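The exercises below are to be worked with the sequence and the three-dimensional view side by side. Try each task before reading its solution.

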Amino acid sequence: MRKKLWGAVLAPLFAAALGGCDAPREQVTVFGRDAVPEKLSEWHVVEAIDGELSLNDGVIPYDLNTALFTDYAHKLRTVWMPAGTAAQYGDENFDYPVGTVITKTFYYPKENGGMQAAVLRTDDYSRDYVAGKRGEALDLDNVRLIETRVLVKRADGWQALPYVWNAEQTEAVLEIAGDATRLQLASESGEPTSFTYVVPDANQCAGCHADNHTAKAIQPLGPRARHLNKDYAYAGGSENQLLHWQQIGYLSGLPEFEAIPRNVHFKDASASLEERARSYLDINCGHCHNPSGAADTSGLMLHYLEQDRRKLGLCKPPVAAGTGSGNRLFAIVPGEPEKSILNFRVETTNPGAMMPELGRSLEHEEGTALLREWVASMPGSCS
């Protein structure tokens, strides 16, 4: 089967040359800021066709070393750039060309099939994709689509748009005001957990993606060098994502490979406990807890560049006490996660105290266990 790695402009030529392949789909369409379509399918980036959620020509899937936790949802991430354009490399942010479209589809594996069955809490992605189309087509017999978020680069900056999938799994519709869906989450052991999956509204999307609170400019958070610096199992074979982007013309200015920053997977046993915990905090908290982020006044800095242990929370008192502190005295008490505000806030599901404030209704048990282990390993005291 032809790999979907060709630019949309070239697709008709290759379809003609290969004869037996399917006719080319409509090309990706980039709408104006004030003329965005009500239906996701009108973008022609990802579409539900014949029981598959498939990617159009030139739409490239990608993954992150450690991902933001969203109530155990699985995610299909894609990027598309206009023909003849490329992102310019930067350690912190890439300079994406105008017209770039980035999508993130949130979905769950289904338990025993059917829309009314519980969705599954699992790290296993093996049944998500159509056979032979790893990363390029989701199998709608096996997964339930919830939402697709679209980021599109305009001449005056990025625009965030949330689309919610219908019950028939045939279309996603623009929901500027967000949405909420009641779900049953089943695991391998124990009773299913009821929770409300919340789709953020457009303003909330913008709030999280503006990691510079002063400029308030939206930026992609996931597709950055340190998160992308990993291999991806493309349909044509595994390859480092940054090198792949460079090879297909989507990235320019890539430095020597050894100079590229890299976060680790938070479950990677070959990485140190410090690396794993810091990577987890960076992707889940660093977009607000950085020197220019929305939580800059807290003095708690959790982005990957921070080296000052006090700013990382060690024996740091809160700016304001109350519900958010859990009646604990310091952000991190070395050796004592049960006395640390950081651990309390990532573990609680109290809307008035939990962190992150948006994007979850459940505790990420594997992530909070890692942070407890990290804090427990720290020597010293706050006496």
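**Exercise 1.** Where is the place of Thr193?

Two remarks are needed before the solution. Residues are numbered from 1 along each chain as its sequence is written, and side-chain values use heavy atoms, with hydrogens and water left out. This is a predicted model, in which local features need pLDDT of at least 70 and side-chain atom pairs count only at pLDDT 80 or more, while totals for chains, interfaces and linings use all residues.

*Solution.* Step one is to find the element: Thr193 belongs to strand 13, residues 193-199, where strands are DSSP runs of E with at least two residues, helices are runs of H or I with at least four, and both are numbered from the N terminus. Step two is accessibility: Thr193 has 38% relative accessibility and therefore counts as partly exposed, since buried means under 20% relative accessible area, exposed means over 50%, and partly exposed lies in between, with a 1.4 Å probe and protein chains only. Step three is to list its partners: not counting residues up to four places away in sequence, Thr193 touches Leu183, Gln184, Leu185 and Leu362, contact meaning heavy atoms within 4.5 Å. One of these partners, Leu362, is 169 residues away in sequence, yet the C-alpha atoms of Thr193 and Leu362 are 9.3 Å apart.

**Exercise 2.** Describe the protein as a whole, and say how much of it is buried.

*Solution.* Begin with the elements: the protein has 7 helices and 16 strands. Next, of its 383 residues, 52% count as buried. Finally, among contacts with a separation of 6 or more, 57% are between residues 24 or more positions apart.

**Exercise 3.** Which residues touch the most other members of the largest nonpolar core?

*Solution.* A nonpolar core is a set of buried Ala, Val, Leu, Ile, Met, Phe, Trp, Tyr and Cys residues joined through side-chain atoms within 4.5 Å. The largest such core holds 51 residues, and Trp43, Phe94 and Trp245 touch the most other members. Now follow one of them: leaving aside neighbours within four places in sequence, the contacts of Trp245 include Ile60, Tyr62, Val79, Met81, Phe94 and Leu251. Apart from this core lies another, of 32 residues, among them Leu281, Ala331, Leu342 and Val346. As background, nonpolar side chains in soluble globular proteins tend to be buried together.

Leu251 can then be examined in turn. Leu251 lies in strand 16, residues 251-252, and its relative accessibility of 4% makes it buried. Among its contacts, again without neighbours within four places, are Ala86, Ala87, Phe94 and Trp245. Thr85 is 166 residues from Leu251 along the chain, while their C-alpha atoms are separated by 8.6 Å.

**Exercise 4.** Work out how helix 5 and helix 7 pack against each other.

*Solution.* First take the geometry: helix 5 (residues 273-285) and helix 7 (residues 365-376) pack at about 130 degrees, with their axes 10 Å apart. This angle makes helix 5 oblique to helix 7, because angles under 35 degrees count as roughly parallel, over 145 as roughly antiparallel, 65 to 115 as roughly perpendicular and the rest as oblique. The axes are lines fitted to C-alpha atoms over the stretch in contact, and angles run from 0 to 180 degrees between N-to-C directions. Then look at the residues: helix 5 contributes, among others, Leu273, Arg276, Tyr280 and Leu281, and helix 7 contributes residues including Gly367, Leu370 and Trp374.

**Exercise 5.** Compare two residues with positive phi: is each of them buried or exposed?

*Solution.* Start with Asp71, whose phi is near 50 degrees, a positive value in a residue other than glycine. Asp71 sits in the loop between strand 3 (60-62) and strand 4 (74-80), and its relative accessible area of 2% makes it buried. Turn next to Asn327, which is not a glycine either and has a positive phi of about 60 degrees. Asn327 lies in the loop between helix 5 and helix 6, and with 73% relative accessibility it counts as exposed.

**Exercise 6.** Which peptide bond, with omega near -10 degrees, is cis?

*Solution.* The bond in question runs from Met355 to Pro356. To place it, note that Pro356 is in the loop between helix 6 (341-347) and helix 7.
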